[in-house]
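Morning, everyone. Please bring up the structure and turn to chain B. I'll talk about helix packing.

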Amino acid sequence: MKLLTCPLNGPRNISEFTYGGEYHPTPDHQLVTPREWAEHVFFHDNAAGVVIEWWCHTASSYWFLAERNTISDQVIRTFPADEIFNQRVEFNQPASSGESN
Amino acid sequence: MPFGLLKYGLSSEYPAEHHFTPATELKKHYDVVIIGAGGHGTGIAYHLAKYHGITNVAVLEKNYLGSGNTARNTAVIRSNYLTEEGVTFYRESVKLWQDLSNEFNYNVMMENRGQLTLAHSDAAIRSFRWRAEVNQHLGVRSELIDRQQIAEWVPNLNMSEDSRFPIMAGLWHADGATARHDAVAWGYAKGACERGVELHQLTEVQDIEITQGRVTAVKTNRGRVECGCVVQAVAGASSVVAKMAGIKLPIHSYPLQAMVTQPYKPILTPHVSSPHVHVYVHQTSRGEFVIGGGSDPYPLYNTRATLDQRESLSAAALELFPFLAQARMLRQWAGTTDMTPDYSPIMGLSPVDNYYLDAGWGTWGFKATPICGKTMAELVATKKVPEIIKPFELERFYRFEQINEAGATAASH
């Protein structure tokens, strides 16, 4: 059994967790071009080495971040998302153009 | 050649045939450098040499010939996909497979066993009906079959209605087949090397030189090599190699594990897969049961085997074939699969001039080997993207025109 330490629930079996993808900053959705948005959605660094990525403790729906080595599969540390996300992000600003399609 | 075989059998020495002569010195310049000597890389080299007369070609391999996913896949050949682009592409590949042993005079032990995909829900039956219609329309043999027919064709399958996920129907794909995976790389490499292509094993590409948006050379652990163009065919390492050329790809590398039992007498003819219980099983001509399933739950550049996956594969395999409870496991292994968001490959041009991509092969690369060799060689030789691989270009992601084959995997991931 491989353990992952949830910042909220402590060490748990890794089968209790869901991998949530690489962490990278979200581009400003008001200003971003479709090309940049496609890159944000689909493209990945997929680095071989230490990466920061999203994980979710499925049973408690708690999302957090982990630093993990993608070659040795060692988890270096896990930490709550508010280490990075310490400001409120407003998504409900009026869009500059209509979103009809 | 029965006389040759007889002579060989009666000789006292059993001389081994050398398949190819490995190249020794790296030249300063090659017209084409292919990174990765798996089925795809050697297939491209073979087609370049045989059909396009391009022989100043080096295939660079950091390990040994066919040591990556060519040796690690579970050797399933099929074309029962869902999209027009996908079905057409894999259909052409299956056609090439049929004649592959003759093509390079090397037995790949192609066996047309058929493939049976199982439905355990109404939703799966609906999607199978859809796939069967699309397949038939495009000339691929697929049909929906009922429980009675399944029980007749695969008598060892657990057809109990009291199981956790009773089998409701099946998608029968008569074109499904299997072949000896190593032999594909060996056959292509042999044919390519006989025509002047150089295969350099233990030669790792460490950097790629780009001058004014155009690839000019690769740096290896054995020195620098100038090149007219580069094709990367490196499966799990696609992102890492592309990054050397400054290219970012929509790929995540996940391990995919499989395992095999000891050999038993022939008891199972077709390839049986169940996307619902995440497993597929077939018996090789040697008698081993090959058991595969979904990818690991998170990305990793490592081919270790885990107990978790072994447990889940075993549980799922036993659900379909209870008699496997008596079987002894021989080995378990993993390959690193380069998964794309739409479960279709990334082939063709890249943002760098003269740098061609053959990537994003995830769990579907083996069956595409011959068509890849053919079309990628055509692209390199003519600089024109063949129509059949046009839909798989990297640019599709920028246009939000994915080719969704997620529903057509043998065991959903």
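Which residues in α2(B) meet which residues in α8(B)? On the α2(B) side, they are B:G39, B:T42, B:G43, B:A45, B:Y46, B:A49 and B:K50. On the α8(B) side, they are B:V184, B:A185, B:Y188, B:A189, B:G191 and B:A192. The residues of this contact divide into 8 nonpolar, 4 polar and 1 charged.

A word of caution: this is a predicted model.

Now the geometry. Two packed helices are described by the angle between their axes and the distance between the axes. Helix α8 of chain B covers residues 181-194. It packs with α2(B) at an angle of about 30 degrees, and the axes are 8 Å apart. Angles under 35 degrees count as roughly parallel, so α2(B) and α8(B) are roughly parallel to each other. Their crossing is left-handed.

Next, a second partner for α2(B). Helix α2 spans residues 39-51 of chain B, and it also packs with helix α11, residues 369-382 of chain B. Here the angle is about 55 degrees, with the axes 7 Å apart. That makes α2(B) oblique to α11(B). This crossing of α2(B) and α11(B) is right-handed.

Who makes that contact? From α2(B), we have B:G39, B:H40, B:G43, B:I44, B:Y46, B:H47, B:L48 and B:Y51. From α11(B), the residues include B:T369, B:P370, B:C372, B:G373 and B:K374. Also there are B:M376, B:A377, B:V380 and B:A381. The contact of α2(B) with α11(B) divides into 10 nonpolar, 6 polar and 1 charged residue.

That's my part. Thanks.

Notes:
Residues numbered from 1 in each chain as written. Chains lettered and ligands numbered in written order. Predicted model: local features only at pLDDT ≥ 70, side-chain atom pairs only at ≥ 80, totals over all residues. Axes fitted to C-alpha atoms, helices over the stretch in contact; angles between N-to-C directions. Helix = DSSP H or I, 4+ residues; strand = E, 2+ residues; numbered from the N terminus. Parallel < 35°, antiparallel > 145°, perpendicular 65-115°, else oblique. Left-handed = near helix turned anticlockwise from the far one by under 90°. Contact = placed C-beta atoms within 7 Å. Nonpolar A, V, L, I, M, F, W, Y, C, P; charged D, E, K, R; others polar.
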